[in-house]
Amino acid sequence: MAERRPAADETNPDREAEDVTQALMATSRLVIALSARALSTGDIPLTLPQLRSLVALRTSGPVKLAAMAATLDVNPSTALRMVERLESLGFADRRVNPDNRREVVLTLTPAGRSLVDRVLDHRRTAVRTLVERLPAPERAGLVPALRALLAAAGDLDPTLDPPDAAGHLAGLPDTPLDPAP
């Protein structure tokens with residue numbers, strides 16, 4: 001007679017955590033794919049890292065180049081090249097900080113804001129279409145679980161919060177023109 005084996009989550013909480021991790025990783029790849037698809041709807045050849053930079057500028061307002069590099073976890077020279085590309089496309093503007101001429105301050109142009117809004121709206125619509133495919137009870141169960149995950153993340157990345165709640169990026173001062181890091 002075969003012995004009943006308990007479900008994985010009854011005997012091994014680590015297995016359950018791994019299952020959740022794998023599901024979240026797959027979901028993350030899905031959202032990235034939706035972002036890439038949203039980018040491809042336009043006629044501007046923009047990469048996902050460039051979009052991330054524009055979204056960061058959209059979320060934070062004017063920021064110093066060094067702070068932007070730190071937030072994106074890239075070298076300042078890499079951030080500068082990216083900003084130069086975005087500037088050449090008319091999506092970003094960089095100016096010398098009038099209070100500290102050694103610093104460069106970045107802002108999003110109206111064209112950059114429009115592009116970000118368009119791409120994010122396209123992505124939001126695509127995500128909503130997927131969510132609407134779920135039965136109502138499963139949809140309702142996602143909200144508290146995802147909010148709990150965001151709460152567990154704490155302040156790892158305020159850009160996960162809605163823009164009106166975040167106000168600024170991780171590692172950036174509330175006043176981006178302030179010369180203090």
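Which residues in helix 3 meet which residues in helix 6? I opened the predicted model with that in mind.

**Entry 1: helix 3 and helix 6**

I listed the contacts first. From helix 3, I noted L51, L54, V55 and R58. They meet R113, L115, V116, D117, V119 and L120 in helix 6. Next I checked the axes. Those of helix 3 and helix 6 come within 10 Å and cross at roughly 110 degrees. Because angles of 65 to 115 degrees count as roughly perpendicular, helix 3 is roughly perpendicular to helix 6.

**Entry 2: helix 6 by itself**

I looked up the length of helix 6. It covers residues 110–132, 23 residues in total. From first C-alpha to last, helix 6 reaches 32 Å. The expected figure at 1.5 Å a residue is 33 Å, so I noted the span as close to that.

Which residues of helix 6 are buried? I found G112, L115, V116, V119 and A126. L115, V116 and V119 were already in my contact list with helix 3. An α-helix has 3.6 residues a turn, so residues three or four places apart point the same way. I then asked what the buried residues of helix 6 pack against. The partners are helix 2 (13–40), helix 3 (48–60) and strand 3.

**Entry 3: the strands**

Strand 3 came up, so I followed it. It spans residues 100–108 and pairs with strand 1, residues 63–64, in the antiparallel sense. Two bridges hold that pairing in the record of my notes. V63 stands opposite L106 in strand 3.

How many bridges join strand 2 to strand 3? I counted six, and the two strands run antiparallel. Strand 2 covers residues 92–97. A92 stands opposite L108 in strand 3. Strand 2 and strand 3 form a hairpin, with two residues between them.

**Entry 4: N97**

I stopped at N97, which lies in strand 2. Is N97 buried or exposed? Its relative accessibility is 0%, so N97 counts as buried. I also checked where its side chain goes. The side chain of N97 reaches the backbone nitrogen of D99 at 2.9 Å.

**Entry 5: S77**

My last stop was S77, in helix 5, residues 76–88. Why does S77 count as partly exposed? Its relative accessibility is 40%, and partly exposed means between 20% and 50%. I also looked up its distance to L65. The two residues are twelve apart along the chain. Their C-alpha atoms are separated by 9.5 Å.

Note on methods. Residues are numbered from 1 along each chain as its sequence is written. This is a predicted model: local features need pLDDT of at least 70, side-chain atom pairs count only at pLDDT 80 or more; totals for chains, interfaces and linings use all residues. Side-chain values use heavy atoms; hydrogens and water are left out. Two strands pair if DSSP finds at least two bridges between them. Helices (H or I, at least four residues) and strands (E, at least two) are DSSP runs, numbered from the N terminus. Buried means under 20% relative accessible area, exposed over 50%, partly exposed in between (1.4 Å probe, protein chains only). Contact means heavy atoms within 4.5 Å. A polar contact is a pair of N or O atoms within 3.5 Å; within protein, one must be able to donate a hydrogen and the other to accept it, and residues adjacent in sequence count only if both atoms are side-chain atoms. Axes are lines fitted to C-alpha atoms, for helices over the stretch in contact, and angles run from 0 to 180 degrees between N-to-C directions. Angles under 35 degrees count as roughly parallel, over 145 as roughly antiparallel, 65 to 115 as roughly perpendicular and the rest as oblique.
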